Amino acid sequence: MPAPPTSILDAWSFQEAKVQAIAGGHINLTFRVDTGDQAFCLQRLSAIFDPKLHEDLFAITEHLQA
């Protein structure tokens with residue numbers, strides 16, 4: 001399974017993070033990112049999805065954070 005691009009890890013300051021692929025997805029590539037004190041889920045969305053989906057995901061994330 002491919003790793004996330006270095007540019008993505010750099011953008012999120014994950015250069016020193018432990019990145020582990022999560023198997024079992026059907027469409028997207030998914031990774032667990034451990035920074036030591038926090039863990040994140042990083043996904044590369046499949047090209048089959050419209051780019052507008054990213055705006056929807058951002059809105060959902062903002063709502064959940066609120």
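Read along its sequence, the chain follows the pattern α-β-β-β-α. The secondary structure therefore comes to two helices and three strands, with helices counted as DSSP runs of at least four residues and strands as runs of at least two. The model is a predicted one. The chain has 66 residues, and 17% of them count as buried. Its C-alpha atoms fill a box of roughly 30 × 30 × 20 Å, taken along the principal axes. About 5,500 Å² of the chain is exposed, and carbon and sulfur atoms supply 56% of that area. Among contacts between residues at least 6 apart in sequence, 17% join residues at least 24 apart.

The walk along the chain can begin with α1, which covers residues 6-11. Between α1 and β1 is a loop, and Ser13 lies in this loop. Ser13 has a positive phi of about 60°, although it is not a glycine. Most residues other than glycine have a negative phi. Ser13 is exposed, because its relative accessible area is 56% and the cut-off for exposed is over 50%.

Next comes the sheet. Its three strands stand in the order β1-β2-β3, the pairing is antiparallel, and the sheet is open. The edge strands are β1 and β3, each of which pairs on one side only. On average, neighbouring strands of this sheet are turned by 25° against each other, direction ignored. Strands of a sheet pair through backbone hydrogen bonds, either parallel or antiparallel.

The pair of β1 and β2 can be taken before the other. β1 spans residues 18-22 and β2 spans residues 29-34. Five bridges join these two strands, which run antiparallel. Lys18 stands opposite Asp34 in β2, and Val19 stands opposite Val33 in β2. β1 and β2 form a hairpin with six residues between them. In the turn of this hairpin, Gly24 has a positive phi of about 110°.

The loop between β1 and β2 also holds Asn28. The side chain of Asn28 reaches the backbone nitrogen of Ser46 at 2.9 Å. Leaving aside residues up to four places away in sequence, Asn28 touches Gln43, Arg44, Leu45, Ser46 and Phe49. Of the residues in that list, Gln43 and Arg44 can be looked up in β3, which covers 39-44.

The second pair joins β2 to β3. These strands pair in the antiparallel sense over six bridges. Phe31 stands opposite Leu42 in β3, while Arg32 stands opposite Cys41 in β3. β2 and β3 also form a hairpin, here with four residues between them. Gly36, in the turn of that hairpin, has a positive phi of about 110°.

Charged side chains complete the picture. The structure holds two salt bridges. In one of them, the side chains of Arg32 and Asp34 meet at 2.9 Å, N to O. Arg32 counts as partly exposed, because its relative accessibility of 38% falls between the cut-offs of 20% and 50%. Asp34 has thus two roles in this account: a partner of Arg32 in the salt bridge, and the residue in β2 that Lys18 stands opposite.

Asp56 forms a salt bridge with Lys52, and the closest N and O atoms are 3.5 Å apart. Asp56 is partly exposed, with a relative accessible area of 37%. Lys52 is partly exposed as well, at 46%.

Terms used
Residues numbered from 1 in each chain as written. Predicted model: local features only at pLDDT ≥ 70, side-chain atom pairs only at ≥ 80, totals over all residues. Heavy atoms only, no water. Polar contact = N/O pair within 3.5 Å; in protein donor to acceptor, adjacent residues only side chain to side chain. Contact = heavy atoms within 4.5 Å. Pairing = 2+ DSSP bridges. Axes fitted to C-alpha atoms, helices over the stretch in contact; angles between N-to-C directions. Buried < 20%, exposed > 50% of the residue type's maximum accessible area, 1.4 Å probe, protein only. Areas by Shrake-Rupley, 256 points an atom, 1.4 Å probe, with all protein chains shown as cover. Salt bridge = Lys/Arg side-chain N within 4 Å of Asp/Glu carboxyl O.
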